[in-house]
Amino acid sequence: MSPAALVAVGIVLPPLCYVLFTSFQGDAGPLSAYIAILESNLFRQTLTTTLVVASLSSVLSLVLGYIVALHLAKQSPNRRTALMFLILLPFWTSILVKCFAFTIILGRYGIINNLLRWASGIDVQLPLVLNRVGLLVGMTNFLVPLVVLPVLASLLAIDSALYRAASVMGAKPARIFWTVTVPLSVPGVVAGLLSVFVMSLGAFVIPALLGGPKDQMLSNLVDFYNREVLDWPKASSISVILLILASIFIVPMALWRRRRI
């Protein structure tokens, strides 16, 4: 992996260093951009929104992904391969295309509202897009495959003899699930949960297209300062804060996995 790692570092490190350098170029001093951002109500509200949306979308993705992974683990290898293709197919589709598709599905005159209107005979206009609901739907749709893969790997690594032993000892399916399946799948659950949470922190396209004005996240705030306000030190300082925030969750995960190995 060393050549690939060196190439990745060579591509990512120079612009990252430039962003870090720019964040200290405030007019009132090296830390003026950071001080202004941390004192800004807009930044604090956006940070809170980012953490809330990332947490909710991660939990929803974990629940749905665990159910899917549990179903896949019980299938034959050939059937599992076919089902995995169906799960990964949306993941290979452009996120931009999927967001516009959700606006058609969730819009006030979209597929869901039209079906409800047809079934009820009244003018149904549920607000399912350009708000927190649409944002969570789009985020969950994007993140579920990223949960399925590590959880499925943990489930497939469980020795089937443990299930037989628990059954012989008189344990019911629900007891087997909570005392055997869940504890032994924790590594995959933790890996999947942290992966999707970190990816949620940097989401940009989905909040921009499916979220409302109050659902914009830190990446959208970086875009705002970069393209609208043209304040590059503040945009860079938010980027650095976002990187630190993601590292807070990545580093413990890496140390935990290294300890397990």
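Start by selecting Ser58 and Ala54: in this predicted model, a polar atom of the Ser58 side chain lies 2.6 Å from the backbone oxygen of Ala54. Now colour helix H3, residues 41–73, and you will find Ser58 within it. Is Ser58 buried or exposed? Its relative accessible area is 2%, so it counts as buried, the cut-off being under 20%.

To see what surrounds this serine, skip its neighbours within four places in sequence and show Leu193, Val196, Phe197 and Ser200; Ser58 is in contact with each of these.

**Next stop: the largest pocket**

Stay with H3 and add helix H12, residues 218–228. Each of these two helices supplies at least two residues of the lining of the largest pocket. Which one gives the largest share? That is H12, with 6 residues. To centre your view, select Leu42, Thr46, Pro213, Gln216 and Leu221, which lie nearest the pocket's centre among its 15 lining residues. The space here comes to about 210 Å³. Try colouring the lining by class: you should get 6 nonpolar, 5 polar and 4 charged residues.

**On to the second largest pocket**

For this one, select Leu70, Ala73, Lys74, Leu155, Leu156, Ile158, Tyr163, Phe177 and Thr181, the residues that line it. H3 appears again here, along with H7 and helix H9 (173–184), as the elements giving two or more residues to this lining. About 160 Å³ of space lies in the second largest pocket. Colour by class once more, and its lining shows 7 nonpolar residues, 1 polar and 1 charged.

**Last stop: a cavity**

How many cavities of 30 Å³ or more are there? The count is 1, and the largest cavity has a volume of about 40 Å³. Show Ile95, Lys98, Cys99, Phe102, Gly138, Asn141, Phe142, Ile206 and Leu210 as sticks to see its lining. Three helices give two or more residues to this lining: H5 (95–106), H7 (132–156) and H11 (205–210). Of the contributors, H5 gives the most, with 4 residues. By class, the cavity lining has 6 nonpolar residues, 2 polar and 1 charged.

Before you close the viewer, put H7 on display by itself: this helix gives residues to the lining of the largest cavity and also to that of the second largest pocket. Then do likewise with H3, which holds Ser58 and helps to line both the largest pocket and the second largest pocket.

Definitions and conventions: Residues are numbered from 1 along each chain as its sequence is written. This is a predicted model: local features need pLDDT of at least 70, side-chain atom pairs count only at pLDDT 80 or more; totals for chains, interfaces and linings use all residues. Side-chain values use heavy atoms; hydrogens and water are left out. On a 1 Å grid over the protein atoms alone, a cavity is a set of points where a 1.4 Å probe fits but cannot get out, and a pocket is an open set with protein on both sides within 12 Å along at least five of seven lines; lining residues have an atom within 4 Å of a point. Grid points are joined across faces, edges and corners, and a volume is the space filled by probe spheres set on the points. Ala, Val, Leu, Ile, Met, Phe, Trp, Tyr, Cys and Pro count as nonpolar, Asp, Glu, Lys and Arg as charged, and the others, Gly among them, as polar. Buried means under 20% relative accessible area, exposed over 50%, partly exposed in between (1.4 Å probe, protein chains only). A polar contact is a pair of N or O atoms within 3.5 Å; within protein, one must be able to donate a hydrogen and the other to accept it, and residues adjacent in sequence count only if both atoms are side-chain atoms. Contact means heavy atoms within 4.5 Å.
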